[in-house]
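User: I'm new to this one. Could you walk me through how to read a few of its features?

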Amino acid sequence: QARALTPQTAETDAIRFLVGTQSLRYDNQIHIIDFDDENNIINRNVLLHQLGEIWHISTSPADKGVLATCYNKTSDSKVMTCAAVWRMPKELESGSHESPDDSSSNTQTLELLCHLDNTAHGNMACVMWEPMGDGKKVISLADNNILLWDLQESSAKAMLSSSAALEGKGQLKFTSGRWSPHHNCTQIATANDTTVRGWDTRSMRQIYCIENAHGQLVRDLDFNPNKQYYLASCGDDCKVKFWDTRNVTEPVKTLEEHSHWVWNVRYNHSHDQLILTGSSDSRVILSNMVSISSEPFGHMVDDDELSDQEDQHQEEKIKEPLQDSVIATYEEHEDSVYAVEWSSADPWLFASLSYDGRLVINRVPRALKYHILL
């Protein structure tokens, strides 16, 4: 069983994903999945993660060999979710197309670099790396705390550099968060209960708050990579919502295509109209949200290339905004889809992971790809 998936962010040449397993009985593993695009072959290497079930996994944007996991640890019959930073063996750092000879026999082990000590702060929900950074800054969300860490001595030591806490009534708990690639990486967004909040990482103060962003629990968030104030959220009300963080009273758009909890929403890194969502309805949906993308009117065509008749036709076409639509619904999974991710190396390729441990790799339909590119 598995629910943790990430692309290897620092790997921009080879198509590579990392999956973390959730097993109560055995040592858990991280599977390194390399996809050979030319031959349509998936190669896999397995690394031993000698701690509990993996709930979340994220990779350094700067160092191919470094990753962080959130995992369960049982002590005194209490289960805690902890976080640690690891290094994979040198020879597995970059994506390769060679399948190791008889990989089943020689499972290698991850090297523990450091723990993100959360004894005082509660259960870890996720670890986020500074998107454009040198891999030295990470933020972890633990219960109702935001913790900003400085990784020192080639990530072998984690110093807590600042923190903030959610205040209010009841058991406040973060479910997820994303670090914005905009504003010099000084903002993050977090989800707790039905609320989405924005924070400034310099002052650790709240900068916006979307109360009741969803009717039920907010599961996931993602920032538009090209439009700095745009944020997507999804949750247990089966909806995906798009927000402009400068005006949070109403969502800019709402998608209602899923019939159960939406666990994951991801913007394509290159073409921000492409939105990927995964849900407990076992489906992955690829949507084309053109109206709120950075290219709402399609590409402008150079006048010289068109004849007069075409020219008129083209002008009419350009003025007409393109329509938002569902491009494709993928039904290869038979269990809840807990994670969907775009490849860091190929903008047209994505992976989805369902709880039964099935990983599916798909491509954006070719016709749409050419429509966007041409």
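User: Let's start small. Which strand does Asp-220 lie in?

Analyst: Keep in mind that this is a predicted model. Asp-220 sits in strand β18, which covers residues 218–223.

User: Does a record say anything about that stretch? What feature does UniProt place at residues 211–247?

Analyst: The unreviewed UniProt entry puts "repeat: WD" there. In the model, residues 211–247 are 46% strand and 0% helix, and the C-alpha atoms at the two ends are 12 Å apart.

User: Back to the side chain. Is Asp-220 buried or exposed?

Analyst: You read that from relative accessibility, where buried means under 20%. Asp-220 comes out at 5%, so it counts as buried.

User: Which side chains make polar contacts with the side chain of Asp-220?

Analyst: For this you look for pairs of N or O atoms within 3.5 Å. The Asp-220 side chain has such a contact with the side chain of Asn-264 at 2.6 Å, and another with the side chain of Arg-266 at 2.8 Å. Leaving out residues up to four places away in sequence, Asp-220 also touches others, including Ser-176, Ala-232, Cys-234 and Trp-263.

User: And empty space? How many cavities of 30 Å³ or more are there?

Analyst: The count is one, and the largest cavity holds about 30 Å³. Among the residues lining that cavity are Val-240, Leu-255, His-258 and Ile-285. Sorted by class, the lining has three nonpolar, three polar and two charged residues.

Technical notes
Residues are numbered from 1 along each chain as its sequence is written. This is a predicted model: local features need pLDDT of at least 70, side-chain atom pairs count only at pLDDT 80 or more; totals for chains, interfaces and linings use all residues. Side-chain values use heavy atoms; hydrogens and water are left out. UniProt positions are given in the numbering used here, feature names are shortened, and annotations may be inferred rather than shown by experiment. Helices (H or I, at least four residues) and strands (E, at least two) are DSSP runs, numbered from the N terminus. Buried means under 20% relative accessible area, exposed over 50%, partly exposed in between (1.4 Å probe, protein chains only). A polar contact is a pair of N or O atoms within 3.5 Å; within protein, one must be able to donate a hydrogen and the other to accept it, and residues adjacent in sequence count only if both atoms are side-chain atoms. Contact means heavy atoms within 4.5 Å. On a 1 Å grid over the protein atoms alone, a cavity is a set of points where a 1.4 Å probe fits but cannot get out, and a pocket is an open set with protein on both sides within 12 Å along at least five of seven lines; lining residues have an atom within 4 Å of a point. Grid points are joined across faces, edges and corners, and a volume is the space filled by probe spheres set on the points. Ala, Val, Leu, Ile, Met, Phe, Trp, Tyr, Cys and Pro count as nonpolar, Asp, Glu, Lys and Arg as charged, and the others, Gly among them, as polar.
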